[in-house]
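Biologist: I'm new to this one and would rather look hard at one spot than skim everything. Could you pick a single part and walk me outward from there?

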Amino acid sequence: MTDNQPEMPGLGRGMMAVAKRDLFLAWKRPGDVLNPLFFFAMVATLFPLAVGPSAEQLEFSGPGVLWVAALLAMLLSLNSLFVSDFEDGSLEQMLVSPVPLAALSLGKTIAHWLTSGLPLVIVAPILGMTFRMPASVMGVLMLTLLLGTISLSLLGSIGAALTVGLHRGTALLSLLILPLAMPLLIFGARTVSLAAAGDVVAGGLYFLAAYAVLIVSLAPFAIAAALRISNE
Amino acid sequence: MTAKLTADSLTLFRGERCLFENLSFALNPGELLLLEGCNGSGKTSLIRAIAGLIELETGEIYWDEQPVRRQRQVFNNELVWMAHRVGFKADLSLVENLRFESALRRDSRHDLDDILTRLNINRLKRLPVRSLSAGQQRRVALARMLMSAATLWMMDEPVTNLDREGRSLVMTLVSEHLARGGMVIMAAHQDIQIDFPVHTIQLQ
């Protein structure tokens, strides 16, 4: 206690601890995690039933429908991201911790992506089959969704952090996030369409990757700032 | 000599209402700062402002003669906070919660079992926090303070929901902490009997 330079808890250790805790909580309440996945699967399987079995129509609309469904599923899962931490006071304990809040926020987002983003990427090929998507396109579909869900997780976390203090901030969250998510949707769906047509897909993938890199490096600070404002 | 923790003319508004104006205090190791006042007088707001959760209208808080806002991490490293809401995950057990917490702050390297036995909650350690009573949850929050090596304890009405034995336990722990050279800021309704220097701030 009389040390002149007291050690500080490690940045990585704090981040991993938050991620592990949230994964563990998700494990104890699997219903919350499965909700977005269920939504994604429902939309993607109901759509072909509604538009009819015409092969051309399914192939044409497949990438767009899968991408819209994934985007909405991610939005659905974002609402509750910070709410329980806010309500039980553990968010305040994180705010007064010496570990930078940006690192803790990144830990929370990692856990969020692993529980809501990654499952969507994994089931996407199965749902792609209902749209008669050829096997060669599956890789591109998964890659675009992989990059897209990472960006959406982080982007949505900023919105969730801003609206955590408001009750029923759902509509506001969507309004905040959707304009920024539009490029992801446009490039994501288009790249998959191009792949299905046998065109070059590198451009779209580069764009999605650049977006992901940008947001991974900037979003943690924005989330931390938003959490501080919300918690005043 | 200047004090370890100094506050210089703090002013805080909540909405239109001025909670305190030009409030100054100084606190040294081994001293207790007691915040008194009726409900809604701003005790919690003052504590939250010291912890950096609320922006002050005017004034500056100094730790080791340096403004806290320039060394937030250093200050937070010396700080552990017991709030109204205990801040534990209801689905996780007491031990899981405390393990997680220990990654967030400097560890005092006390044995967890010893701490839990001392607080009389060792037999509850496998139960999820949601199944504990309010008083038992306060005891877990006390365990968080004992597990951290922080110098400054900030306690917002620490004896709420505690039984008589728990209340005297809080005072014993506070005395021990002060004897080690720690500092305590406490908001309380009750009178505090303690053999250490006590500064009192009466909030209107």
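Modeller: Let's start with A:Pro98, in what is a predicted model. A:Pro98 has 22 other C-beta atoms within 10 Å, and 20 or more is the mark for a buried residue, so A:Pro98 counts as buried. Its place is the loop between helix H5 (90–95) and H6 of chain A.

Who sits around it? Leaving out residues up to four places away in sequence, A:Pro98 touches A:Met8 and A:Pro9 from chain A, plus B:Gln73, B:Asn76, B:Asn77 and B:Arg105 from chain B. There is also A:Gly10, which is 88 residues away along the chain, yet its C-alpha atom is 9.2 Å from that of A:Pro98.

Those chain B neighbours take us to the contact between the chains, where 27 residues of chain B meet 26 residues of chain A. On the chain B side, helix H2 (72–77), strand S6 (79–82) and helix H3 (94–104) each bring at least two residues. Sorted by class, that side of chain B has 14 nonpolar, six polar and seven charged residues.

Now back to chain A, and on from the loop into helix H6. H6 (residues 101–130) packs against helix H9 (residues 202–230) of chain A at an angle of about 105 degrees, and their axes are 8 Å apart. Angles of 65 to 115 degrees count as roughly perpendicular, so that is how H6(A) and H9(A) run relative to each other. From H6(A) come A:Leu101, A:Ala102, A:Ser105 and A:Leu106, and they meet A:Pro220, A:Phe221, A:Ile223, A:Ala224 and A:Leu227 of H9(A). Eight residues of this contact are nonpolar, one is polar and none is charged.

Keep an eye on A:Leu227. Setting aside residues up to four places away in sequence, it touches A:Phe82, A:Leu91, A:Leu101, A:Ser105 and A:Ala161. A:Leu227 also belongs to the largest nonpolar core, which has 72 residues. Along with A:Ala44, A:Leu66, A:Ala70, A:Leu141, A:Leu155 and A:Ala161, A:Leu227 is listed among those with the most contacts inside that core. Helix H7 (residues 135–163) of chain A gives the largest share of the core, 14 residues. Another core lies apart from this one, with 56 residues, including B:Leu33, B:Leu142, B:Val159 and B:Val170. As a general background point, nonpolar side chains tend to be buried together in soluble globular proteins.

That second core brings us to chain B, so here is how chain B is divided. Its domain assignment gives domain 1 (1–78 + 151–204) and domain 2 (85–142). The C-alpha centres of these two domains of chain B are 23 Å apart. Where they touch, domain 1 of chain B puts in eight residues and domain 2 of chain B six. On the domain 1 side, helix H6 (residues 164–179) of chain B has the largest share, three residues. That side splits into three nonpolar, four polar and one charged.

Two loop residues of chain B round off the tour. B:Asp64, in the loop between strand S4 (58–63) and strand S5 (66–67) of chain B, is not a glycine but has a positive phi, near 55 degrees. With 15 C-beta neighbours inside 10 Å, B:Asp64 counts as partly exposed. B:Asn120 sits in the loop between helix H4 (112–118) and helix H5 (134–147) of chain B; its phi is positive too, at about 65 degrees. B:Asn120 has 13 C-beta neighbours inside 10 Å and counts as partly exposed.

Technical notes: Residues are numbered from 1 along each chain as its sequence is written. Chains are lettered from A and ligands numbered from 1 in the order in which they are written. This is a predicted model: local features need pLDDT of at least 70, side-chain atom pairs count only at pLDDT 80 or more; totals for chains, interfaces and linings use all residues. Domain bounds come from an automatic or database domain assignment. Two residues are in contact if their C-beta atoms, placed from the backbone, lie within 7 Å. Helices (H or I, at least four residues) and strands (E, at least two) are DSSP runs, numbered from the N terminus. Ala, Val, Leu, Ile, Met, Phe, Trp, Tyr, Cys and Pro count as nonpolar, Asp, Glu, Lys and Arg as charged, and the others, Gly among them, as polar. A nonpolar core is a set of buried Ala, Val, Leu, Ile, Met, Phe, Trp, Tyr and Cys residues joined through C-beta atoms within 7 Å. A residue is buried if 20 or more other C-beta atoms lie within 10 Å of its own, exposed if 12 or fewer, and partly exposed in between; C-beta atoms are placed from the backbone. Axes are lines fitted to C-alpha atoms, for helices over the stretch in contact, and angles run from 0 to 180 degrees between N-to-C directions. Angles under 35 degrees count as roughly parallel, over 145 as roughly antiparallel, 65 to 115 as roughly perpendicular and the rest as oblique.
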